[in-house]
Amino acid sequence: MIRAKGFQRAGIILIILMSILSFGISQSKQEGTMMSKENTGNKTEAEWQKELSTEVYQILREKGTERAFSGKYDEHFEAGVYLCVGCGDTLYTSETKYNSGCGWPAFSDGITGKIDEFEDNSFGMRRTEITCANCGGHLGHVFNDGPKPTGLRHCVNSASLKFSPSEESK
Ligand SMILES: [Zn+2]
């Protein structure tokens, strides 16, 4: 009986601890910068799911990552622009695309105002997530090991992009 009470008390303490912890998490979410989840591109997740393929949905809406060296734009260097696969907004130009060797399309910069950045502490890493500013679609992450002059490496999933060739190269 004493043992059982001890367990019961431990259980209650655990519940209290967990509620304090989850309260803390929800508090920090509200105080922190706007969460990328808030931008749904005026569509419900069910609508996105219907519109996109399973793979693209998992990456664009659920922040997944395609396998390294598997994406169609990793080794793609034609002249043109890269659009958001979710909403069609222009995000990157081929002038900023370079071969980083990391296994994903890499850009030294995005088109000004088209890309939002968010702090991402998932998987025990401190990273900066990048999303389409228009529809909130997950693109990838931005790192500070890119070429000059920006020093940035926008590491983007091919699945989040749609290439549109420039007029001259058509
Ligand atoms: Zn978009």
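**Figure 1. Strands 6 and 7 of this predicted model, side by side.** Let's start where strand 6 meets strand 7: the two run antiparallel and are joined by four bridges. One place to look is I130, which stands opposite G140 in strand 7. Strand 6 covers residues 127-132 and strand 7 covers residues 138-143, and each of them supplies at least two residues to the largest nonpolar core.

**Figure 2. The open sheet and its two edges.** Zooming out a little, you can follow six strands through an open sheet in the order 3-4-8-7-6-5, with antiparallel pairing. Which strands stand at the edges? They are strand 3 (97-98) and strand 5 (115-120); each has a single partner strand, so one side of each is left without a neighbour in the sheet.

**Figure 3. Strand 8 between strand 4 and strand 7.** On one flank, strand 8 pairs with strand 4 in the antiparallel sense over two bridges. On the other, four bridges join strand 8 to strand 7, again running antiparallel. C155 is a handy landmark here: this residue of strand 8 is the bridge partner of A106 and also of H141. Side chains are worth a glance too, as R153 and C155 point one way from strand 8 while H154 and V156 point the other way. Buried or exposed, these four? All are buried.

**Figure 4. H154 and its surroundings.** H154 sits in strand 8, which spans residues 153-156. Why does H154 count as buried? Because 26 other C-beta atoms lie within 10 Å, and 20 would be enough. Beyond its neighbours within four places in sequence, H154 is in contact with A106, F107, G110, I130, G140 and V142. I130 and G140 are the facing pair from the first view. T96 is 58 residues away from H154 along the chain, yet the two C-alpha atoms are separated by 9.7 Å.

**Figure 5. A106 in strand 4.** Here is the residue that has C155 as its bridge partner in strand 8. A106 counts as buried because it has 25 C-beta neighbours inside 10 Å. Leaving out residues up to four places away in sequence, A106 touches K97, Y98 and S100, along with R153, H154 and C155. E75 lies 31 residues from A106 in sequence, with 9.8 Å between their C-alpha atoms.

**Figure 6. V156 and the largest nonpolar core.** This core has 22 residues, and V85, L91, C132 and V156 touch the most other members. Several elements supply at least two residues each, including strand 1 (80-84), strand 2 (90-93), strand 4 (106-107) and strand 8. Which element gives the most? Helix 3, with three residues. Focus on V156 and you will find W104, P105, F107, L139, G140 and L161 touching it, not counting residues up to four places away in sequence.

**Figure 7. The whole chain, and where to take care.** From the N terminus on, the three helices come before the nine strands. Of the 170 residues, 26% count as buried. Among contacts with a separation of 6 or more, 56% are between residues 24 or more positions apart. The mean pLDDT of the chain is 87, and 77% of its residues reach 70 or more. Residues 24-33 fall below 50, and this stretch has three contacts in the model beyond near neighbours in sequence. Where pLDDT is low, please do not read the predicted coordinates in detail.

Key
Residues are numbered from 1 along each chain as its sequence is written. This is a predicted model: local features need pLDDT of at least 70, side-chain atom pairs count only at pLDDT 80 or more; totals for chains, interfaces and linings use all residues. A residue is buried if 20 or more other C-beta atoms lie within 10 Å of its own, exposed if 12 or fewer, and partly exposed in between; C-beta atoms are placed from the backbone. Two residues are in contact if their C-beta atoms, placed from the backbone, lie within 7 Å. A nonpolar core is a set of buried Ala, Val, Leu, Ile, Met, Phe, Trp, Tyr and Cys residues joined through C-beta atoms within 7 Å. Two strands pair if DSSP finds at least two bridges between them. pLDDT is the predictor's confidence in each residue, from 0 to 100.
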